[in-house]
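Me: Please take a close look at the largest pocket of this model and at what lines it.

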Amino acid sequence: MDLTARAARHPDHWRRATCIRTLALDAVAAANSGHSGMPMGMADVATVLFDKHLSFDASAPDWANRDRFILSAGHGSMLLYALLYLTGSPDMTLEQVKNFRQLGAITAGHPEYGHAMGIETTTGPLGQGIANAVGFAMAEEFLRAKWGKKIIDHHTYCIAGDGCLMEGVSQEAIALAGRQELSRLIVLWDDNGITIDGKVSIADRTDQLARFAASGWDVFSCDGHDPDAIDAAITAAKASPRPAMIACKTHIAIGHAAQDTSKGHGALTDAAQLKAAKDAYGWSHGPFEIPADLKSWWEGVGAKGQAARQAWEGEFAALSDGKKAEFTRAFGHDMPKKLSAAIRALKKSHSDKLPKIATRTASQLALEVINPLLGEHLGGSADLTGSNNTNTKDIGTFGPEDRKGRHIHYGIREHGMAAAMNGMALHGGVRPYGGTFMVFTDYTRPAMRLSALMGLPVTYVMTHDSIGLGEDGPTHQPVEHLAMLRATPNTLVIRPADAVETAEAWEVALAQKTTPSVLALSRQNLPTLRKTHTAKNMVAQGGYVLADAVAGKRQAILMATGSEVAIAMEARDLLEAQGIGTRVVSMPCWEIFEETDEAYRKRVLPAGPVRVAVEAGIRFGWDRWLFGERGRREKSGFVGMHGFGASAPAEELYRHFGITAEAVAEKVKSLL
């Protein structure tokens with residue numbers, strides 16, 4: 001293409017966009033690693049977006065009513081870093097740009113939330129960013145209805161590439177967005193026709209415009225290197241009553257020898273080719289050198305939003321003290337002061353009435369107490385509302401018909417649901433939770449991992465947590481999933497044993513500010529084991545003594561979680577009747593228990609007695625507690641699953657797989 005002609009038509013724009021291109025080239029070359037082509041190709045689109053449309057203030061990058069900008073194509077991270085540096089973001093210095101991809105720099109290989117203000121989400125796993133963007137837009141819709149347009153009224157912009165649109169989660173996300181009519185969501189597709197392996201056409205022939213239109217979006221297209229066309233397309237998209245997608249036809253690695261090739265996707269580090277590209281741009285400056293007039297112009301772009309931000313601060317100041325406090329509390333992920341007392345009252349009711357109910361039902365009872373007090377709590381289910389028990393009375397259904405509704409029908413889109421919840425948590429002002437069957441953490445897992453990586457307080461309500469779901473059979477019976485989730489850093493996996501522990505589990509989950517929680521809940525009814533009320537939250541200790549030995553010397557410790565705690569208690573009765581002193585330790589959350597102090601763990605799991613763990617899942621992970629923590633390998637055993645399940649009523653399955661009180665008692669006696 002004739003770059004000289006392009007530059008001549010829009011000389012000022014060309015020089016401004018070239019700042020992004022050259023910074024990307026220089027940073028990738030210095031690191032000898034990265035992806036140059038996407039930032040080069042989308043520099044024109046980003047320049048127009050930031051200059052003419054994006055409402056933000058670089059000096060206050062966490063302003064609550066800013067437009068959100070999400071780089072779903074996270075491999076092009078230098079596009080974002082260049083924009084942050086050029087516009088004057090306080091975190092993004094030139095030194096950070098020069099240290100791209102180096103240890104300790106905030107300019108990681110893919111954008112990481114929390115490294116620098118202005119990075120709205122961690123992207124890199126393709127498709128996650130566009131799915132996050134849907135959650136951002138849903139949060140904006142809810143908060144605009146709740147607080148009014150003077151307080152919340154902004155857009156979410158997302159740059160996505162071909163890879164993002166090929167990933168399956170993108171379809172879940174765009175279908176959800178179309179149904180929800182998210183008019184403040186605009187996706188800018190980097191339509192360059194290239195992937196790592198070659199042309200997109202070798203693997204895909206999808207008509208993306210038709211696909212988005214079929215999902216309920218308005219679609220537009222433009223020459224991604226013509227600033228006037230880009231401006232017109234974004235202007236039209238902003239006027240759309242539905243979510244909008246703009247196909248920006250671009251050239252990957254524009255102006256470089258690798259332009260329009262798969263090589264242009266990756267690291268362009270050849271010095272001669274880099275110089276030739278800069279020459280083609282008409283750029284005569286040294287590495288990382290941005291002329292003062294251009295840096296000043298970009299900083300002016302970063303300062304444009306100051307007036308809007310200050311006006312917003314005036315509107316916020318005009319709110320009542322109560323409303324300001326509530327807004328600040330919600331955005332700070334703080335819990336209402338009345339919540340703990342309400343949960344204590346619920347616990348006492350359970351200990352008094354001793355209900356025999358599934359923990360999924362107990363979870364709904366907890367939500368009936370929580371949701372009236374926690375107005376920002378947005379729940380939902382992946383088409384399993386009646387099974388996950390995530391809905392409560394009087395919160396309404398979120399949708400175009402009622403933006404104040406707080407229960408979301410995600411459809412059969414587990415992955416999209418989880419990624420959207422991440423977006424909601426990242427937006428701020430809402431606290432998301434969502435449910436599906438625990439076996440379908442296989443579908444939600446990529447987004448759950450990012451919840452943990454970003455430190456987001458998302459609550460995953462995972463019901464039907466074991467072979468106890470019964471007749472649906474091994475396809476639906478999660479045997480390895482507890483181990484998988486427990487292996488994930490910065491994730492609380494909480495498997496409550498009864499209604500009381502379930503209420504406590506919700507309190508623990510809602511107390512988190514930088515950690516996601518998984519509530520593993522039963523389908524089958526379970527007895528209330530906590531028969532004496534205590535104000536103290538025992539789940540918050542991770543593990544605790546539920547019942548101690550009474551028949552003389554303590555000879556055995558039974559450890560269990562969830563539905564198997566009741567089995568352990570029955571086994572204790574059998575052993576105590578035979579004069580074998582037995583302690584039962586409920587261990588609803590290993591992660592918390594491991595973080596308690598050594599003295600406490602030693603009191604709960606002292607040396608000496610034999611230990612048997614009971615859980616309707618695989619053994620993996622239990623050895624930490626069986627013969628770590630003062631235990632002995634030859635004096636420990638496990639009663640649980642060693643393979644997949646089967647299809648039968650739950651009671652028969654527990655007998656078939658030997659997860660019974662009698663089997664536990666026999667295991668103890670064999671070890672004594």
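Reply: What follows describes the largest pocket, its lining and an aromatic cluster.

This is a predicted model, in which local features need pLDDT of at least 70 and side-chain atom pairs count only at pLDDT 80 or more, while totals for chains, interfaces and linings use all residues. Residues are numbered from 1 along each chain as its sequence is written, and side-chain values use heavy atoms, with hydrogens and water left out.

The largest pocket has a volume of about 550 Å³; a pocket here is an open set of points on a 1 Å grid over the protein atoms alone, where a 1.4 Å probe fits, with protein on both sides within 12 Å along at least five of seven lines, and its volume is the space filled by probe spheres set on the points, which are joined across faces, edges and corners. Lining residues have an atom within 4 Å of a point, and of the 28 that line this pocket, Asp62, Arg66, Tyr113, Phe331 and Leu426 are the closest to its centre. Helix H13 (306–317), helix H14 (321–331) and helix H18 (414–427) are the elements that give two or more residues to this lining, helices being DSSP runs of H or I with at least four residues, numbered from the N terminus. By character, the lining divides into 15 nonpolar, eight polar and five charged residues, where Ala, Val, Leu, Ile, Met, Phe, Trp, Tyr, Cys and Pro count as nonpolar, Asp, Glu, Lys and Arg as charged, and the others, Gly among them, as polar.

Phe331 also belongs to a cluster in which ring pairs link Trp147, Trp312, Phe316, Phe327 and Phe331, with rings of Phe, Tyr and Trp (its six-membered ring) pairing if their centres lie within 6.5 Å.

How values were computed:
Phe/Tyr/Trp six-rings, centres within 6.5 Å; stacked < 30°, edge-to-face > 60°.
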